[in-house]
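Let's take a walk through this model together. Keep the viewer open as you read, and follow along from the inside outwards.

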Amino acid sequence: MLYVYSIYAANEMENKEKSVSTKWFHPKRSIPRERNPKWRLKLAEGEYEWPTQMDRVNIIRKGLPYESFEVLSKRADLPVKQVLQLFGIPQTTYNKKKKDKDLLSSRDSEVVLVLTELLDYGLEVFNDEKEKFQRWLKKPNISLGEVAPESLFDSLTGIQEVRNCLNRLEYGNLA
């Protein structure tokens, strides 16, 4: 289905006259990401996929393996030690729980999934230019109060602020 939208522009010569131009657009092609995003987290032990929020809730309730910290570390281009500090987990605890194949708490699983979504979205905003996106994550940002976006990864509110910043950047606003 095609839709029509009109642009009304005031004529510079006479303010009373208006000209109308008509353009056609196809909504399925213009907003593909918003229709059915599929988020994935690939681990050595398996793959987690959540196309809907309820699928994400189910994964959160079951818990993710500790190995997901390493995958997140690679995606965010951060050392594993720094990722563990964001979650408040000591290195020795991480090593023991990973060896025992324990699962993350629901809070930590949720933060890992939300961060995965954020990092994938950021790559989309930066047209899959990973180096540019990684630089942007490390550079202090005016709209985030002069702090680096990656420094806000320790809370869901901080992650949402980074996502809002990426939204503004995608649509051409100050970010």
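**Starting from a cavity**

The structure, which is a predicted model, holds 1 cavity of 30 Å³ or more. The space in this largest cavity comes to about 30 Å³. Its lining is made up of Leu72, Ala76, Leu78, Val83, Leu86, Phe87, Leu115, Leu119 and Phe153. Helix 4, helix 5 and helix 7 each supply at least two residues of that lining, and helix 5 gives the most, with 3 residues.

That makes helix 5 (residues 80-87) a good place to go next. Its buried residues are Val83, Leu84, Leu86 and Phe87. Around the helix axis they cover an arc of only 155 degrees, so they sit on the same side of helix 5. The face turned away from this buried side carries the exposed residues Lys81 and Gln85. What do the buried residues of helix 5 pack against? Their packing partners are helix 4, helix 6 (91-99) and helix 7. Just after helix 5 comes Gly88, which takes a positive phi of about 70 degrees.

Phe87 deserves a closer look. Leaving aside neighbours within four places in sequence, Phe87 is in contact with Phe69, Leu72, Arg107, Asp108, Val111, Val112 and Leu115. Two of the names you have now met, Phe69 and Phe87, return in the largest nonpolar core: of its 39 residues, Phe69, Phe87, Phe153 and Leu166 touch the most other members. Strand 3 (39-43), helix 3, helix 4 (68-76), helix 5, helix 7, helix 8 (130-138) and helix 9 (156-170) each supply at least two residues of this core. The largest share, 9 residues, comes from helix 7. As background, nonpolar side chains in soluble globular proteins tend to be buried together.

Helix 7 (106-125) also has a polar residue to show you. Thr116 is found in this helix. Is Thr116 buried or exposed? Thr116 has a relative accessible area of 0%, so it counts as buried. Not counting residues up to four places away in sequence, Thr116 touches Arg40, Leu41, Trp50, Leu72 and Arg75.

Leu41, one of those contacts of Thr116, leads on to the strands. The bridge partner of Leu41 in strand 4 is Tyr48. Strand 3 and strand 4 run antiparallel and are joined by 5 bridges. Together they form a hairpin, with 2 residues between them.

From strand 4 (46-50) you can step across to helix 3, since both strand 4 and helix 7 are included in what covers the buried residues of helix 3. Which residues of helix 3 (residues 53-62) are buried? They are Arg56, Ile59 and Ile60. These residues cover an arc of only 100 degrees around the axis, and therefore lie on the same side of helix 3. On the face turned away from the buried side you will find the exposed residues Met54, Arg61 and Lys62. Just after helix 3, Gly63 takes a positive phi of about 95 degrees.

To retrace the route, you began at a cavity lined by residues that include Phe87. Phe87 led into a core of 39 residues, to which helix 7 gives the largest share. Thr116 in helix 7 then touched Leu41, and the hairpin of strand 3 and strand 4 followed. Strand 4 brought you to the buried residues of helix 3.

Definitions and conventions: Residues numbered from 1 in each chain as written. Predicted model: local features only at pLDDT ≥ 70, side-chain atom pairs only at ≥ 80, totals over all residues. Heavy atoms only, no water. Buried < 20%, exposed > 50% of the residue type's maximum accessible area, 1.4 Å probe, protein only. Helix = DSSP H or I, 4+ residues; strand = E, 2+ residues; numbered from the N terminus. Arc of directions from axis to C-beta. Contact = heavy atoms within 4.5 Å. Core = buried A, V, L, I, M, F, W, Y, C linked by side-chain atoms within 4.5 Å. Pairing = 2+ DSSP bridges. 1 Å grid on protein atoms, 1.4 Å probe; cavity = no way out; pocket = protein on both sides within 12 Å on 5 of 7 lines; lining within 4 Å. Points joined across faces, edges and corners; volume = space filled by probe spheres on them.
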